[in-house]
Amino acid sequence: MTFVAKPTARHPSLKINEIGLTRRDYEGSVSTLCAGCGHDSVSAAIVSACAELGLPPHKFLKISGIGCSSKTPNYFLGHSHGFNSVHGRMPSVATGASLANKELYCLGISGDGDSASIGFGQFAHIVRRRINMLYIVDNNGTYGLTKGQFSATNDLGSTSKRGVPNLYEPIDLVSMAMQIGATFVARSFSGDKRQLVGLIKAGLMHRGFSFIDVISPCVAFNNHNGSTKSFAHMRNMQREVVSADYVAPQVEMQIDYAAGETEDVTMPDGAHLRLRKLHSDYDPHDRLHAINYLGERGREGEVVTGLLYVKSDTENTHDILNLVDTPLNSLDEEDLCPGLDALESINQSFR
Amino acid sequence: MKPAIKPKDIIYNDFVIRFANVNGSGSASANGMFAHAIFRMGVPVTGRNIFPSNIQGLPTWFEVRVNERGHLGRRDGADIVVAMNAETYVQDVDALLPGGYLVFDSSKPMARTLRARRSDIHHIGIPIANLLVHEFADAKQRALFKNIVYLGALAELLEIDMDVLKHMVDDQYRGKDALIAPNYHALDIGSGYARDYLGEHLRFRVRPSDQVGNRIIVDGNTSAALGALYGGASVCAWYPITPSTSMAEAFEKYAAQHRKDPDSGQIKAAVVQAEDELSAIGMVIGAGWNGARAFTCTSGPGVSLMNEFLGLAYFAEIPAVLFDIQRAGPSTGMPTRTQQSDILLSVYASHGDTKQIVLLPSSPKECFDFAADAFDLADRLQTPVLVLSDLDLGMNDHLSEPFEWDAERRYDRGKVLSADDLDRMDQFSRYLDVDGDGIGYRTLPGAHPDKGAFFTRGTSRDEHAAYTEAPEAYIRNMERLLVKWDTAKTLVPKAEIDQRGTDANANANDMGVIYYGSTEAAMGEALELLSERGIQLDAMRIRAVPFGDEVVRFIAAHETLFVVEQNRDGQMRQLLIAELGEHGVASQSLHSILYYGGLAISAGEIYEQILSWIEEQMRERMRPRVLKFS
Ligand SMILES: Cc1ncc(C[n+]2csc(CCOP(=O)(O)OP(=O)(O)O)c2C)c(N)n1
Ligand code: SF4
Ligand SMILES: [Mg+2]
């Protein structure tokens, strides 16, 4: 690819962020997904979130598995390296990449097929391992790329395009993540840009493992009447309990919400997570309560969204493994090779 | 009265002793001390563990070969058997060669049956249990010290230096000094009994020698772990599987010692026990993609699981290092035995057209060297490198040259562009063959604000990493990967060639042998045995795939070649034919010599098979031709 000098002229309507960049600088290649696919809205929300946070657009690791959703890292953050890896195995590749350089923002993109079926094991274990990353599942209840088979997140009784009902219980990745110990767990809807951008910002800045399950309708195979992952169903049944936004250190943000209870959760870097509770009966700091709440509302057919559980001040993999602060990929011979004296004593230990 | 042993019948430093124990009875440490004491007396020795897939209760054997001339491959038949496991008495007694010695616990009821079974061997009963009853009150101690008592008795009977043994006890229990005195005592009980009641020493004896030199005695897995440590590995992701587990454990142990930041106490290496092998190799690939040196270690079943990822890494051109400590097939049981049966699995690992780089170390020293080299090769060639060891090499202690390291050595990180490099360039094309060696330039994530980022995928991209499904682009890429394969031929370790047959015959020899990996331990001896029968063979030890020109030349120069391997299907032979067919390597000239019973191949096995093949050929040639009409 040839380096093209960036045009100096900028459209006057484009806002400049803290580091002098516009939203354009966070975009990627043109999407090849179906027009109207929910996944494109998730990509757009990622672009907005990163631009609003003013993060350097080349300091990301974009890792994905296989699926329409997993293609999307090509469509945002074009200045960052991306890796469209193996079906269901994004978590392991992200783990390795994150271990190699802890200074980059690690963003994992997966699908419901990718994470709840073939990659269910890897999903569970990356949660346990507490990689410092944001893990997003573009959840459409179907295998988009292989043309519309039911996925494991498809609800019991939800129908296929041809009207055939799904006969199996769904796997709820959000409840799973909470159960296994994720410290930032959210659910959102690709059609709710305000909520989603706030959650992505908060999730990216959360130190530790963040998980967002985004209901992201597949217009080609799962957006009909009878599907519980359609735009219409989500618009009717979404119940947002807690919205979240990131407030940088020393920045007092204007909140444009009309009313509601707000709470600031302090993050290790001095920034805040500003939570707004939209339902007084919901507590995002109580894991078991959250899991129960989801189950209860789910039985009523509601889809609970927002920041469902958060816990700050937690250890991530780097802390657990007691790794040096220098990124492992920049250690050199000096750091890595124990040298000749050590080798002589090693040899001696085998005599 | 037995007739006294005549001095000329005494055999120094040449015997095989087999210890038959029950798994989990503490015998491993005593038996290890036996072998190590002989090593410290300067005598070449090796010990092989034959163990079940079991933690406690099943039979286990430890076979020690002592050989002044350094022939340390497995040898069939035992000269001495220490029979401590009632369950395997019969088979252990039967393993003795005529004139051999059976050492057993005469306080056990089985003793009489044992004596009756064979009259062509010497029976050496030691009332081990009875001796201990009076000395140690604690039943657990009595069980453990049984092993030490026979060790003491053997020291006396074989003339092993007791001071050396006691030094080893000191070393072993440093920091746990209370255990030293009782161990000494148990040794003395054994040696005292042998001195007082068993009379003459055995026909086999140990005497100090200078044949060890500055060599070390170590297992291949520890060696490979140290090679990875010196080679700069900073990520190890693995999933437990015998016989590879001890490699990851050794790496973790040495990293904690030698990669610790003195100020912060933090470690310069991440060791992650993954949830399975798919995840382990995924982590390695993620880390390699992001510029850290990463490896996994596993065995056959793990390599099978890693196949999909290995293909991705081949196509996406990502450095990764994998150690396959080969074992015998799937499931449990036999898999705790050794084989060389993952050759084809490894070289052609994955779907699509793939060819993987494979290194074949034969000794602990080579495990160390090849482990370190594997990281340079993987970075230089931007591809997975598989190092194939096996259970025999990996888990047993072998006599080895000491590890060496060149203080000037710099890691070859391959073609990685820095931010400065990118600033000087007008164009970056990830998969363009700029240098004609089939290897493109890569960049690491985060290197530069607006140059050099690319999207990694397996296939479907052009030279500039842009998405395309164009057939021509795919073919160009696949052809370039073959150019890279040719480059690899010049970089991997060359085959080691020994023209001993040619020299001996003064004119070109038309027969030779090809072998690799742990078979080396038996090969020198097999060649000597053949040579004593007047059969002089040239020899080539293959050390890597792809094969270099020297392999082609060696094969071309010989009419008859024996390919010796530890698998059923002659996998290396198949590979030579597949890869070198276009260079004229044909199946008629390559003859398989195979052993795959799960024990290390022995010199006798190789010798017998080659000899009978040659004799068969001679008979064929003598036979009058019968013309058939049909
Ligand atoms: C090992 C393997 N098995 C099967 C496939 C085929 N495959 C590609 S995408 C996909 C499902 C993707 O579903 P999901 O993760 O939900 O992504 P979506 O397309 O719906 O966004 C499958 C089964 C594959 N690529 N690899
Ligand atoms: S098939 Fe579905 S998931 Fe895939 S791009 Fe089209 S709408 Fe999106
Ligand atoms: Mg899907």
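User: Donors are N, O and S atoms within 2.8 Å of the metal (3.2 Å for Na, K and Ca); water is not among the atoms, so sites may look incomplete. Which residues are the protein donors of the magnesium ion (ligand 3)?

Analyst: This is a predicted model: local features need pLDDT of at least 70, side-chain atom pairs count only at pLDDT 80 or more, and totals for chains, interfaces and linings use all residues. Residues are numbered from 1 along each chain as its sequence is written, chains are lettered from A and ligands numbered from 1 in the order in which they are written, and side-chain values use heavy atoms, leaving out hydrogens and water. The donor residues follow the spacing D-x27-N-x1-T. Lying 2.0 to 2.2 Å from the ion, they are Asp112(A) (OD), Asn140(A) (OD1) and Thr142(A) (O).

User: Is Thr142(A) buried or exposed?

Analyst: Buried means under 20% relative accessible area, exposed over 50%, partly exposed in between (1.4 Å probe, protein chains only). Asn140(A), at 4%, is buried. Thr142(A) has a relative accessibility of 4%, so Thr142(A) is also buried.

User: What is the phi of Arg130(A)?

Analyst: Most residues other than glycine have a negative phi. Arg130(A) is partly exposed at 29% and sits in the loop between α5 (120–129) and β4 (133–139) of chain A. Its phi is positive, near 60 degrees.

User: Where is the proline of the cis peptide bond from Thr242(B)?

Analyst: The bond runs from Thr242(B) to Pro243(B), with omega near 5 degrees. Helices (H or I, at least four residues) and strands (E, at least two) are DSSP runs, numbered from the N terminus. Pro243(B) is in the loop between β10 (235–238) and α9 (245–258) of chain B.
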